Amino acid sequence: MDFEGETTAALDTMFVLFSGYLVFMMQNGFAMLTAGSVRTKNTKNVLLKNLLDACVGAMGYWIFGYAFAYGNPIDPDTDEEIVNPFIGHTYFALANLPEDAFVSFFFQWTFAATAATIVSGSVAERTSFYAYLGYAFFLTSFVYPVVSHWVWGGGWLSTLFEVGVIDFAGCSVVHMVGGVAGLVGAILVGPRMGRFDAEGNVVPMPGHSATLCTLGTFILWFGWYGFNPGSTLAIFGTGSTLTAQRCAVTTTLAAAAAGLVVLIIVKIRDHIFDLISVLNGVLAGLVSITAVCFSAEPYAAVVIGGIGGGLYLLGGWALLKLKIDDPLEAFPIHGVCGAWGCFAVGLFSTPWGQLNAGLGVDGDRVIHTGAFYINPDTDSRSGVLLGANCIAILVIAAWTAALIGSLFLIFKFAGILRISPEIEILGNDVSKHGGSAYPEEPLETGPPAKDNLGFDESMKIPHKAEKEEGFVEDDIDAEKTVEV
Amino acid sequence: MDFEGETTAALDTMFVLFSGYLVFMMQNGFAMLTAGSVRTKNTKNVLLKNLLDACVGAMGYWIFGYAFAYGNPIDPDTDEEIVNPFIGHTYFALANLPEDAFVSFFFQWTFAATAATIVSGSVAERTSFYAYLGYAFFLTSFVYPVVSHWVWGGGWLSTLFEVGVIDFAGCSVVHMVGGVAGLVGAILVGPRMGRFDAEGNVVPMPGHSATLCTLGTFILWFGWYGFNPGSTLAIFGTGSTLTAQRCAVTTTLAAAAAGLVVLIIVKIRDHIFDLISVLNGVLAGLVSITAVCFSAEPYAAVVIGGIGGGLYLLGGWALLKLKIDDPLEAFPIHGVCGAWGCFAVGLFSTPWGQLNAGLGVDGDRVIHTGAFYINPDTDSRSGVLLGANCIAILVIAAWTAALIGSLFLIFKFAGILRISPEIEILGNDVSKHGGSAYPEEPLETGPPAKDNLGFDESMKIPHKAEKEEGFVEDDIDAEKTVEV
Amino acid sequence: MDFEGETTAALDTMFVLFSGYLVFMMQNGFAMLTAGSVRTKNTKNVLLKNLLDACVGAMGYWIFGYAFAYGNPIDPDTDEEIVNPFIGHTYFALANLPEDAFVSFFFQWTFAATAATIVSGSVAERTSFYAYLGYAFFLTSFVYPVVSHWVWGGGWLSTLFEVGVIDFAGCSVVHMVGGVAGLVGAILVGPRMGRFDAEGNVVPMPGHSATLCTLGTFILWFGWYGFNPGSTLAIFGTGSTLTAQRCAVTTTLAAAAAGLVVLIIVKIRDHIFDLISVLNGVLAGLVSITAVCFSAEPYAAVVIGGIGGGLYLLGGWALLKLKIDDPLEAFPIHGVCGAWGCFAVGLFSTPWGQLNAGLGVDGDRVIHTGAFYINPDTDSRSGVLLGANCIAILVIAAWTAALIGSLFLIFKFAGILRISPEIEILGNDVSKHGGSAYPEEPLETGPPAKDNLGFDESMKIPHKAEKEEGFVEDDIDAEKTVEV
């Protein structure tokens, strides 16, 4: 390769590698956020699930996922990619993958793992371990890869209405997949014991550490700079250079605006400055801008983020009205705002941003832009891009709900979807993970909502000192019951 | 653009973007450090303030800050920047900002947010929420941007005495602004209840988690590699490449030396190996080297950092003697060491380092160097650079103290500067933020220093289980009182 | 320098700098992992030790370490490096170091600090502070640098059997040095009080926070992307570009496979899903792939990682059988898997990977590859590389054990190796560090295993409120006893 080729390859590889590192760090962010959002008695459980997301996801995406997503074989005669519009079908277990595509596998794995980990929050504290592992493998090896093939891998959505669906960093492809899967999971698993009282009122179940939630959210924000600017997939070339830096700015402004909108609305509604809501608001803003970060104007990022903050609160309120228990509000954040962000592309995508990123263009000609902008090449507005993205929202939501719903129903009929009530009261940690995450802290005070459960003294959480004398805390032997 | 231009742009943009990501991560570091340094009852309060620094700072810096700092319009006739020596005046809300300057806005916003967040430590645990938000907006949209215009944006300090003030990564521009603002705030808000007893002796008020302090400090050190090397603002070109790597080395050595100096001094003084002091010592070293990191020799970095460690201890001692309560010692660390670091440029700045960075030079000719070095172009020593930097220290300290002091005095007279004694005893978290950051932990033992407050049983912190049954913990309605 | 040279320098410097930042962040990961793995009463102690690793390591590596490792002077006549096969001998305190080698010092320091910090886990909770500081200085300034000179600095192992030892990112050079030093330390310091009961059975001593362990492990995984891909030391050039991205993929797959293997084995053995074991398993996988990450095929990474997971469990089991107390299992993870990873190079190193990285090649000709691959240049298999690496394993283990063992024996005879039983029962934090890491939490319940220690009421840990009224908690004056 000549100097110019080597320079370009080095620049783009470095850019995608380091962006991928940041996206990987989001696993840590989700782990801390989830841990902080659950009660002490389930901390180790959710931490392990988050860690295994990354591990199971790596195996699933290595064996199947990348192949289904980007496995477009090269025609030896024409030297061009042969694209199946529905699914990729080569590079299983990375066999025959060109050496310069390893970086692509790495980067895309971090996205698959992100999609998987979003769900862990929705089904936290009461889902069985095996169901979770099965779900994580299925999502990272099939459900998510197929969606990403449609939009990013040359599949049918990428050519819809000539312009193709535009979802730059994955509002629909990543976040809506995770959020919808979480919603389906939360519905099928059912609410945590005591989450709604006899009259159907919500019983607060605050997580055990707001500090961990904050730590996790900051790490996620940090990781988002890999997620959004990194989705440029290149830094060399004027268009890429301009796109990446625009992404960093729009991502920042959307997060900040959403956080402030949520701060104000919750202050008016509940008369408190609610840290957890603002943290979620920031995440809602980050999700909302993810699809159009590459081409939105700064003011638009503020608007998109701010509306995303409001939609998150609306979605969270609706879930509680419907008695759906989503402990981390993953559906309002990732599902609702993911859909909103994908929709927002159809409104706010600028022609110059699309030219920089080479999206929705034919050479130097822009095909369709966001409906709020006049296309300089046609001198008219158009809702075609908006229409394409709306179809993507509907199709991806339906696909995810159908597949994940089927899997969770199978688990349900097999009796391995949810843990037993005894384990749920005791907590997963002492029941299945060998003891508390904080073995030196007294647990006598119990979970905040325990009085609502009407359990008697015999069910009382034993004192830690009794539970941890032996190597294995296994009075309730997971092997002997189906509730795992 | 041709290949060479595109390569340079891609390299420099990537370098500044990723450096900016690291500086952003410092928000997380400050949040963890501050949270760990306050008592449990105010944890959510300080976390939310730290998060809102970033959010409010993004809005403030977007609308006004960047324009005041770097808004030098281009003269359409000469194609040159029109620089007002006092303040920038275009690009408000990024209007008409060239697309290739988005990265600059992003990077500079992370610095503005850093300056803002430094203060949160000085005024922690007793300042009202509205006062804090107002301050954060004022600092990021006006006070800090004007200072950065003077030194970095072509303003009057950047041309002082021909050589101009040299403050590479912001000892005076960022840290001293934050530290002095914190000092003014700490004085005007007054000490926390019980911080000094009736005889004026200091009552220890240890933060609730040394682990969080350590986590935060490590993250800050990590982020400093974005702050200092990143301030090269470019990586392409021999001078930039050499400057960035020197910054990484000097930053490391100064931090390490300062930590060890503090370890030894405190061991001798107090007979303990004091983790918190060493953490602060490391930060003191990092601040101290920030101005001259680009050109200091390795030995000089050790000296500068080591002296910085000692000055931090001296400053912390002086504050307590003066009965000023700065819970995170933000003034000794950022204010005192910021001034010291700016001063140190005038002593330790090497001619070769200045040539690499293109600072204080006229073409290949060095104008003035640190007083300890002979300028090869004049074959003499000179104190002119030291003089320029001393003027910067005085002017910036005065500017910050005057403006922030005025704002805080307005808040004070309006009665919204400080929370009420009742809220201070109960803690901000249960009073205004809906409950404890750790709702499962019993709070009966109360804060360590409660006996000094002489409060009676009726003021006792209620048991968590009582406080968190309802959605909103709002017995003390912030709306009904001015103490917010 | 011309444009091509400047571009290459900028690319490679940026790559190594940012990789080094990630490796530095591993200090934070180790700090959190270690803190979470010890009991509350020693938290500040281990945090301070981890912080001082970095500080002492920076001083030691600055004054001596880098010189011993890479101090090969340039012959003024031939302009070539003069390499002493045993030790480097110039650039002490970075004197006369070329300006473009500063990045090398920075990157290599982060590795030295990693080697040092590994040990802190093995000797945690009962080693004296002075012994630890002495050890950290000795390891970073002499023991580790000499090893790295042998393998990476042109020393005798780098030319062994013509092919030279190949240890890409430091399985033997970094991890085995740390792990073996930890083993020697754990043996000589002896087990923690109460770790084995009168019958020799293991008494569980769980760390105080599984959340911190998880946080630390994720940060370490993140940092490993600096450690392994960063060890390419360049990104420009087709070979480097391909090597770096392969490293990212193999590192990921090995970590994931090891975590899953450990999950399954421990579930079968102990009937629990054990978070801590899986965390350690992930680390074992990361260590195992470190030497051959640059050239392993993806399937091989899975195999190497999976075996590493099993070896970690085996090593941990063996230590307990031998009544060696290694609180963080640093030897099984870093020592055993470090040796395994170095061995695995001799099996799995591919010829194309070596060509990309320029290791074990002579121009375009591969000298020897892993024994599982046919060398295309000789059309035969060979065990020579395996043999060279086995020699490296033995020599490095012996060197480390001899030197560190001698130092620890000297400390032992001087009576400053281990803290007194009184301090061990009370905990380091209240004894030597001024109070608990969490001063607001009641400590009455004491450590989980206290009943095994048979101490009486008079030794009971005093209530926090009593201990922290004064500035200095120093009833047990460290100055008056040798137990520090």
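Helices here are DSSP runs of H or I, at least four residues each, numbered from the N terminus. With that in hand, select C:His271, which sits in the loop between helix H7 (238-270) and helix H8 (275-289) of chain C. Keep in mind as you click around that this is a predicted model.

**Stop 1: two backbone oddities**

Stay on C:His271 for a moment. Its phi is near 60°, a positive value in a residue other than glycine. Most residues other than glycine have a negative phi. Is C:His271 buried or exposed? Partly exposed, because its relative accessible area is 33%, and that class lies between 20% and 50%.

Now jump to A:Glu125, another non-glycine with a positive phi, this one about 80°. Look for A:Glu125 in the loop between helix H3 (102-122) and H4 of chain A. The relative accessibility of A:Glu125 is 1%, so this residue counts as buried.

**Stop 2: A:His208**

Next, pick A:His208, in the loop between helix H5 (171-189) and helix H6 (210-227) of chain A. A:His208 is buried, at 6% relative accessible area. Turn on the side chain and draw a distance to the backbone oxygen of A:Ala35: you should get 3.0 Å.

Then show what surrounds A:His208. Leaving aside neighbours within four places in sequence, its contacts on chain A include A:Gly36, A:Val38, A:Arg39 and A:Tyr438. Chain B joins in too, with B:Ala437, B:Tyr438, B:Pro439 and B:Glu440 in contact with A:His208.

**Stop 3: where chain A meets chain B**

Colour by chain and bring up the A/B interface. How many residues of chain A are in contact with chain B? The count is 65, facing 66 residues of chain B. The two chains bury about 5,800 Å² between them, with carbon and sulfur atoms giving 76% of that area.

For the polar side of things, there are eleven residue pairs in polar contact between chain A and chain B, both residues at pLDDT 80 or more. On the chain A side, helix H7 (238-270) is one of the elements that give two or more residues, as are helix H1 (3-37) and helix H9 (298-321). H7(A) gives the largest share, 17 residues. Sorted by class, the chain A side has 41 nonpolar, 17 polar and seven charged residues.

One salt bridge turns up across this interface. To find it, select B:Glu99 and A:Arg246, whose side chains meet at 3.3 Å, N to O.

**Stop 4: the two domains of chain A**

Hide chain B and colour chain A as domain 1 (3-197 + 207-413) and domain 2 (421-480). Their centres, taken over C-alpha atoms, are 36 Å apart. At the boundary, 17 residues of domain 1 of chain A are in contact with 19 residues of domain 2 of chain A. About 1,600 Å² is buried between these domains, 56% of it on carbon and sulfur atoms.

Which residues of domain 1 lose the most area to domain 2? Select A:Lys41, A:Lys44 and A:Met193, which together make up 46% of what the domain 1 side buries.

Finally, look at the polar pairing here: zero salt bridges between the two domains, but 13 residue pairs in polar contact, both residues at pLDDT 80 or more. Helix H2 (43-70) and helix H4 (129-152) of chain A each supply at least two residues of the domain 1 side, and H2(A) has the largest share, four residues. By class, that side has five nonpolar, six polar and six charged residues.

Note on methods
Residues are numbered from 1 along each chain as its sequence is written. Chains are lettered from A and ligands numbered from 1 in the order in which they are written. This is a predicted model: local features need pLDDT of at least 70, side-chain atom pairs count only at pLDDT 80 or more; totals for chains, interfaces and linings use all residues. Side-chain values use heavy atoms; hydrogens and water are left out. Buried means under 20% relative accessible area, exposed over 50%, partly exposed in between (1.4 Å probe, protein chains only). A polar contact is a pair of N or O atoms within 3.5 Å; within protein, one must be able to donate a hydrogen and the other to accept it, and residues adjacent in sequence count only if both atoms are side-chain atoms. Contact means heavy atoms within 4.5 Å. Buried area is the accessible area (1.4 Å probe) that two parts lose on being put together, summed over both. A salt bridge is a side-chain nitrogen of Lys or Arg within 4 Å of a carboxyl oxygen of Asp or Glu. Ala, Val, Leu, Ile, Met, Phe, Trp, Tyr, Cys and Pro count as nonpolar, Asp, Glu, Lys and Arg as charged, and the others, Gly among them, as polar. Domain bounds come from an automatic or database domain assignment.
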